[in-house]
Amino acid sequence: MKTTVSLLALAGAASAATELPSIIAKGSKFFYPNGTQFFMKGIAYQRDVGAAGAKSDPTAKYMDPLADQDSCKRDVPYLQDLSINIIRTYAIDPKQDHSYCMGLLQDAGIYVVSDLSEPATSINRDDPQWNTELYDRYTAVVDEMSKYSNVVGFFAGNEVSNSANNTGASAYVKAAVRDTKKYIKDNSKRWIGVGYAANDDKDIRSEIADFFNCGESEESIDFWGYNIYSWCGDSSMSKSGYDKQVEFFQDFSVPVFFAEYGCNLPNGAKGRKWQETEALYSDEMTKVFSGGLVYMYFQEENDYGIVEIKGGEAEKQDDYDALKKAHAAADPKGVDMDQYKPSSKAATCPNVSKAWQAAAQLPPTPDKTLCKCMSDSLDCVVSDDLDEKQYGDLFGLVCANNQKVCAGINGVTNLGNYGAYSMCTPKEKLSYVLDAYYQAHGKSSDACGWKGAKLQKGSTASACQKSLSDAKQQNQAIATATGNVAAPKATGGSGKGKGKENFGVRTAPSGVLAAGVVAMAVVLAL
Ligand SMILES: *[C@@H]1O[C@H](CO)[C@@H](O)[C@H](O)[C@H]1NC(C)=O
Ligand SMILES: *[C@@H]1O[C@H](CO)[C@@H](O)[C@H](O)[C@H]1NC(C)=O
Ligand SMILES: *[C@@H]1O[C@H](CO)[C@@H](O)[C@H](O)[C@H]1NC(C)=O
């Protein structure tokens with residue numbers, strides 16, 4: 001069944017693009033600048049890279065969906081035919097030119113919400129980091145996409161914590177939220193949101209939503225995306241649990257929407273009826289939810305598509321017309337921005353427990369300057385030819401018997417204690433622990449004799465002295481701490497005006513510090 005849709009005069013569309021009015025958030029709702037409430041009628045638009053992100057695979061490749069002119073030209077008319085007003089992309093290449101596709105979308109009245117990571121550079125739930133490499137990636141995507149007025153916001157992570165045993169990873173994602181928000185605030189003239197897309201895991205549902213919403217607004221999410229697949233085939237508000245979601249989020253202080261929905265049970269994508277679309281835009285749900293995004297446009301192996309690409313052409317699947325109808329029928333009634341007086345407050349941070357391992361205190365802001373100061377100061381470092389794949393073995397060897405020194409590069413999420421260098425690159429971190437070992441062993445050349453290590457002449461520029469000494473103090477304090485060493489009250493992206501030197505690390509309270517000040521040599525004694 002081949003169909004051609006030509007709703008748009010496509011020729012020259014990109015250059016003629018009119019800018020869409022940028023969406024803003026107030027309380028738990030989105031609005032057009034004219035005060036009309038904005039509800040998402042969206043769809044996920046990305047091939048291959050899909051829902052289950054958060055597994056960093058350095059070899060993974062992705063196709064940037066907004067850098068492919070032919071595909072955009074082919075697909076935008078379908079999106080328009082489906083009454084789509086927003087798409088979600090999962091992996092953008094900030095080095096590509098997006099003006100053509102973004103222009104087509106602008107002309108079609110379509111907004112964009114995008115993930116900031118890509119498969120090889122994302123926060124990995126099994127080995128979570130928020131470091132200078134990720135920061136560079138996230139901010140590059142912000143730089144590239146924020147110039148388009150139809151970009152509503154970004155996801156700092158997608159389904160990263162997905163079970164009670166990896167909840168600590170959420171601390172790193174929230175640090176990414178905090179730092180990306182700060183970056184946008186410093187570099188963009190308009191509001192662009194930073195949120196998170198969560199799966200629906202009943203064991204951590206309440207804790208994770210509270211965690212991302214709690215604390216100062218400088219570090220909490222601007223919106224909450226929910227990937228939810230609980231309405232399958234013939235269902236209902238109560239059978240699907242949608243009624244419980246309405247109840248749960250009724251007092252949430254920021255907008256909530258379905259960042260993915262569209263269960264393909266029991267009959268595969270083809271059998272989808274989109275009853276849930278009707279529910280999503282009913283009064284019962286729109287008072288709490290801002291609509292949602294169908295998963296997904298492309299029919300692929302996972303069987304969630306509404307069109308299949310064959311020989312470069314888009315072929316409508318059997319669930320296409322049903323979705324078109326459901327979207328066309330949806331006419332959510334919103335509130336007017338001026339009449340709307342939000343009263344909900346941010347959540348209280350969840351207590352740390354067996355089921356929730358992320359304290360309110362977040363990992364430090366990535367700071368390349370500090371990392372460079374540190375690595376320049378070392379005498380024993382990783383040699384340049386050591387393959388990064390072998391770092392793990394060396395970390396293992398050095399850290400196994402020297403956990404206290406390795407505290408400087410690690411994070412203890414349930415205490416909210418993070419090494420000052422936990423945000424550096426793997427290479428810088430490995431150099432840090434190799435040098436600590438070398439210093440503790442009287443700088444004997446043997447102590448830098450690891451395969452993959454080399455000696456250099458370390459030096460400390462005067463501009464580095466203060467930050468290195470603060471970092472050292474922090475690392476010593478957390479090495480022996482059994483509780484949080486930095487007052488959680490002092491958190492928040494706004495900082496205390498110390499600028500870069502502060503890098504989110506606060507001086508430890510004196511009691512803890514006294515116990516924590518242990519000479520490296522003593523700590524390292526084997
Ligand atoms: C506000 O703008 C949106 C988008 O352009 C439009 O759909 C809506 O009708 C406008 N509302 C009013 C009250 O003009
Ligand atoms: C975490 O829990 C899930 C089930 O909830 C299990 O499949 C997984 O293997 C566990 N991972 C670890 C590292 O224990
Ligand atoms: C968290 O712990 C505090 C102090 O123990 C307690 O008062 C509060 O009820 C707990 N909160 C939750 C949500 O369990």
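The expected span of a helix is 1.5 Å times one less than its number of residues. That yardstick comes in handy for the first two close-ups of this predicted model.

**Figure 1. Helix 14 has the span expected for its 15 residues.** Welcome to the first close-up. At 1.5 Å a residue, helix 14 should span 21 Å, and its end C-alpha atoms are indeed 21 Å apart, so the two values agree. How many of the 15 residues of helix 14 are buried? The count is 11, so this helix is largely enclosed by the rest of the structure. The buried residues are E428, K429, L430, S431, Y432, V433, L434, D435, A436, Y437 and Y438. If you follow the chain onward, G442 comes just after helix 14 and takes a positive phi of about 60°.

**Figure 2. Helix 15 covers residues 462–479.** Here the same yardstick can be tried again. Helix 15 has 18 residues and reaches 26 Å from its first C-alpha to its last, close to the 26 Å expected at 1.5 Å a residue. Its buried residues are C464, S467, L468, D470, A471, Q474, N475, Q476, A477 and I478. A general point may help when you look along a helix: an α-helix has 3.6 residues a turn, so residues three or four places apart point the same way.

**Figure 3. The largest pocket has a volume of about 850 Å³.** Its lining is made by 25 residues, and D127, Q129, N131, E388 and P426 lie nearest the centre. Helix 3 (132–145), helix 12 (391–400) and helix 14 (426–440) are the elements that give two or more residues to this lining. Which helix gives the most? That is helix 12, with 3 residues. As for chemical character, the lining divides into 10 nonpolar, 10 polar and 5 charged residues.

**Figure 4. The largest nonpolar core has 91 residues.** A useful rule to keep in mind here is that, in soluble globular proteins, nonpolar side chains tend to be buried together. Within this core, L66, I87, W224 and Y297 have the most contacts. Helix 4 (residues 169–187) supplies the largest share of the core, 9 residues. Apart from this core lies another one, of 34 residues, and C373, L394, I409 and Y437 are among them.

**Figure 5. W224 and its contacts.** This view takes a closer look at one of the residues with the most contacts inside the largest nonpolar core. Neighbours within four places in sequence are left aside here. The contacts of W224 are then Y196, A198, I208, A209, F212, F249, F252, V254, P255, V256 and F257.

**Figure 6. Two loop residues, K95 and S235, one exposed and one buried.** K95 sits in the loop between strand 5 (86–89) and helix 2 (99–107). With a relative accessible area of 79%, K95 is exposed, because exposed means over 50%. The C-alpha atoms of K95 and V141 are separated by 8.7 Å, with their positions 46 residues apart along the chain. S235 belongs to the loop between strand 9 (223–228) and helix 6 (237–240). At 18% relative accessibility, S235 counts as buried, because the cut-off for buried is under 20%. Beyond its neighbours within four places in sequence, S235 is in contact with S240 and Q275.

**Figure 7. Backbone details at L265 to P266 and Y295 to M296.** Here are two peptide bonds worth a look. Is the bond from L265 to P266 cis or trans? It is cis, with omega near 0°. P266 lies in the loop between strand 10 (256–261) and helix 8 (275–280). The bond from Y295 to M296 is cis as well, with omega near 0°. M296 has its place in the loop between strand 11 (289–294) and strand 12 (307–310).

**Figure 8. Positive phi at S83 and W274.** S83 is not a glycine, yet its phi is positive, at about 60°. This residue is found in the loop between helix 1 (69–81) and strand 5, and at 29% relative accessibility S83 counts as partly exposed. W274, in the loop between strand 10 and helix 8, has a phi near 65°, again a positive value in a residue other than glycine. At 2% relative accessibility, W274 counts as buried.

Key
Residues are numbered from 1 along each chain as its sequence is written. Chains are lettered from A and ligands numbered from 1 in the order in which they are written. This is a predicted model: local features need pLDDT of at least 70, side-chain atom pairs count only at pLDDT 80 or more; totals for chains, interfaces and linings use all residues. Side-chain values use heavy atoms; hydrogens and water are left out. On a 1 Å grid over the protein atoms alone, a cavity is a set of points where a 1.4 Å probe fits but cannot get out, and a pocket is an open set with protein on both sides within 12 Å along at least five of seven lines; lining residues have an atom within 4 Å of a point. Grid points are joined across faces, edges and corners, and a volume is the space filled by probe spheres set on the points. Helices (H or I, at least four residues) and strands (E, at least two) are DSSP runs, numbered from the N terminus. Ala, Val, Leu, Ile, Met, Phe, Trp, Tyr, Cys and Pro count as nonpolar, Asp, Glu, Lys and Arg as charged, and the others, Gly among them, as polar. A nonpolar core is a set of buried Ala, Val, Leu, Ile, Met, Phe, Trp, Tyr and Cys residues joined through side-chain atoms within 4.5 Å. Buried means under 20% relative accessible area, exposed over 50%, partly exposed in between (1.4 Å probe, protein chains only). Contact means heavy atoms within 4.5 Å.
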